[in-house]
Amino acid sequence: MFPYLRLGLFILPLASLSLLIGLWVSISIIEREASRLNLKISLNDIIFYSLLAGAVGGRIGYALEFPTLFISKPLSLFSLSPTTLSPIFGVTTGLIFFLSWIQRKKIPFLLALDATAPGLAMFMVFVGISHIFSGNAYGAPTTLPWGIHLSNEYRHPSQFYETLIAVAIFFMIQKRILHHDGKGINFLFLVVLSSLASIFLEAFRGDSNYWFAGLRVAQIIAFLIMIISLYFINQIIINKIEFKKNISESKK
Amino acid sequence: MTDTITFDWVRNFKLSAFILIAFSIFWIYFSRNLSSNIIDVVSAPREGFLAPDFTLNTLDGSQITLSTLRGKIVVINFWATWCPPCRAETPALQNSFEQYKDVDIVILGIDLANQDSIDNVKNFVRDFTLTYPILLDIEGKVANLYQNNALPSTYFVDREGIIRTIIIGGPMSETVIKSKIEALLKEEQ
């Protein structure tokens with residue numbers, strides 16, 4: 001689509017730029033939500049260092065896949081190339097760092113999760129925009145009149161679908177439909193909506209991976225995540241009701 | 001009164017959850033792909049697509065067609081003599097070629113000859129003692145085919161002719177190049 005912005009000698013990938021802007025906007029939203037939830041600590045530092053830990057973990061994970069190459073040239077560990085990061089190692093390291101930090105600072109876990117929910121929802125909007133710029137997450141071929149010409153075929157504008165649905169999810173998360181601030185429900189609700197969006201959108205993608213009988217891997221994984229999240233939401237609601245019943249009985 | 005309202009809300013939640021699960025199961029089943037041709041075999045200069053085919057003359061006058069290299073891992077590197085990061089990564093490409101040339105791995109250096117002079121290319125090849133094939137894109141058609149708008153740009157193509165990794169910009173280190181090749185070799189084990 002429009003992958004690069006040429007500024008004199010510099011070539012700026014617009015997809016990366018939109019992710020950076022998304023990160024900045026999301027962190028501001030998380031800070032605002034944290035303050036609304038009376039979280040008396042700045043999440044800025046936690047997020048920044050978690051991302052840094054994720055990048056370091058991602059690079060170490062990649063190096064562990066090719067140990068002899070990196071042992072013979074250890075300075076390659078500091079290469080700027082984002083293609084030499086292991087996504088699984090990166091995400092795992094970032095999450096472990098985030099969880100251990102909030103535990104060390106004695107921040108209520110569920111409250112911290114709820115504080116991140118609207119920011120994460122906004123970040124997903126920017127992920128969609130970055131896909132519009134990069135042409136990644138492209139759609140399956142289609143003959144529908146709104147198909148876009150990409151990679152030598154008319155395809156579903158899956159990146160636009162993804163962005164529009166992410167905007168809708170952001171507004172639903174902002175409205176806090178399920179209430180119960182600080183109990184982790186808003187975060188779990190975000191996970192449910194994102195999983196549902198993934199199940200729906202995957203059908204229009206042209207880059208799906210398949211399991212047996214033509215089933216799409218991403219849909220199955222999203223379905224399992226959705227079931228687990230719905231279970232936890234249900235548990236939180238039941239606990240809340242029992243807590244209320246106990247209080248009302250003790251008053252009697 | 002409060003308890004009644006809360007109870008209704010819970011019942012609604014369970015109903016909503018049931019609807020979501022039922023819809024998801026239906027949609028996953030409805031949208032499964034039963035086509036025998038699941039892999040997209042269209043050629044496009046993108047990861048996951050067939051590398052667009054081309055035929056170019058080499059510096060020594062012979063011809064190379066990409067599709068005839070099917071069955072080998074191919075590294076396609078777009079470069080020009082006037083491009084500093086291209087110069088910087090050339091020794092890494094040459095070293096990688098030396099290491100892997102005996103295991104069916106081909107490195108093709110495509111010079112954007114429409115923006116370069118043949119004499120400069122010859123001097124460049126001599127200065128860096130390059131032994132991998134240097135192709136001349138005299139009309140810039142292959143660069144257009146690959147929608148190339150940044151130098152250097154490198155495409156790692158697997159044995160089936162599918163582009164697996166694209167690295168835009170540089171210079172790439174020898175470790176980056178070799179790790180991408182090793183990743184493709186590992187898949188075959």
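What follows is a chat between a visitor and a guide about the predicted model shown above.

Visitor: Before we start, what kind of model is this, and how are things numbered?

Guide: This is a predicted model, where local features need pLDDT of at least 70 and side-chain atom pairs count only at pLDDT 80 or more, while totals for chains, interfaces and linings use all residues. Residues are numbered from 1 along each chain as its sequence is written, chains are lettered from A and ligands numbered from 1 in the order in which they are written, and side-chain values use heavy atoms, with hydrogens and water left out.

Visitor: Okay, what pattern of helices and strands does chain A follow?

Guide: Helices (H or I, at least four residues) and strands (E, at least two) are DSSP runs, numbered from the N terminus. Chain A has 8 helices and 4 strands. Reading along the sequence, you get β-β-α-α-α-α-α-β-β-α-α-α.

Visitor: And what share of chain A's residues is buried?

Guide: Buried means under 20% relative accessible area, exposed means over 50%, and partly exposed is in between, using a 1.4 Å probe and protein chains only. Chain A has 252 residues, and the share of them that counts as buried is 45%.

Visitor: Let's zoom in on Thr163(A): which residues does this one touch?

Guide: Thr163(A) sits in helix α6 (residues 158–175) of chain A. Thr163(A) is buried, with a relative accessible area of 10%. Contact means heavy atoms within 4.5 Å. Leaving out residues up to four places away in sequence, Thr163(A) touches Val125(A), Gly128(A), Ile129(A) and Ile132(A).

Visitor: Now the two chains together: how much area do chain B and chain A bury between them?

Guide: The contact takes 42 residues from chain B and 48 residues from chain A. Buried area is the accessible area (1.4 Å probe) that two parts lose on being put together, summed over both. Carbon and sulfur atoms carry 67% of it here, and the total is about 3800 Å².

Visitor: Which side chains meet in a salt bridge between Glu174(B) and chain A?

Guide: Side chains of opposite charge can pair when their charged atoms come close. A salt bridge is a side-chain nitrogen of Lys or Arg within 4 Å of a carboxyl oxygen of Asp or Glu. By this rule, the interface of chain B and chain A has 1 salt bridge. At 3.8 Å, N to O, the two side chains are those of Glu174(B) and Lys73(A).

Visitor: Is Lys73(A) buried or partly exposed?

Guide: Lys73(A) is in the loop between α3 (67–72) and α4 (87–104) of chain A, while Glu174(B) is in helix α5 (residues 174–187) of chain B. Glu174(B) is buried, at 15% relative accessible area. Lys73(A) has 38% relative accessibility, so this residue counts as partly exposed.

Visitor: Which residues join into one network of salt bridges?

Guide: Glu174(B) also forms a salt bridge with Lys178(B), at 2.7 Å from N to O. Both lie in helix α5 of chain B, 4 residues apart, about one turn of the helix. Through shared partners, the network joins Lys73(A), Glu174(B) and Lys178(B).

Visitor: Last one: how far apart are the closest N and O atoms of Glu98(B) and Lys101(B)?

Guide: Glu98(B) is partly exposed, with a relative accessible area of 36%, and Lys101(B) is partly exposed too, at 39%. The two form a salt bridge, and the closest N and O atoms of Glu98(B) and Lys101(B) are apart by 3.4 Å.
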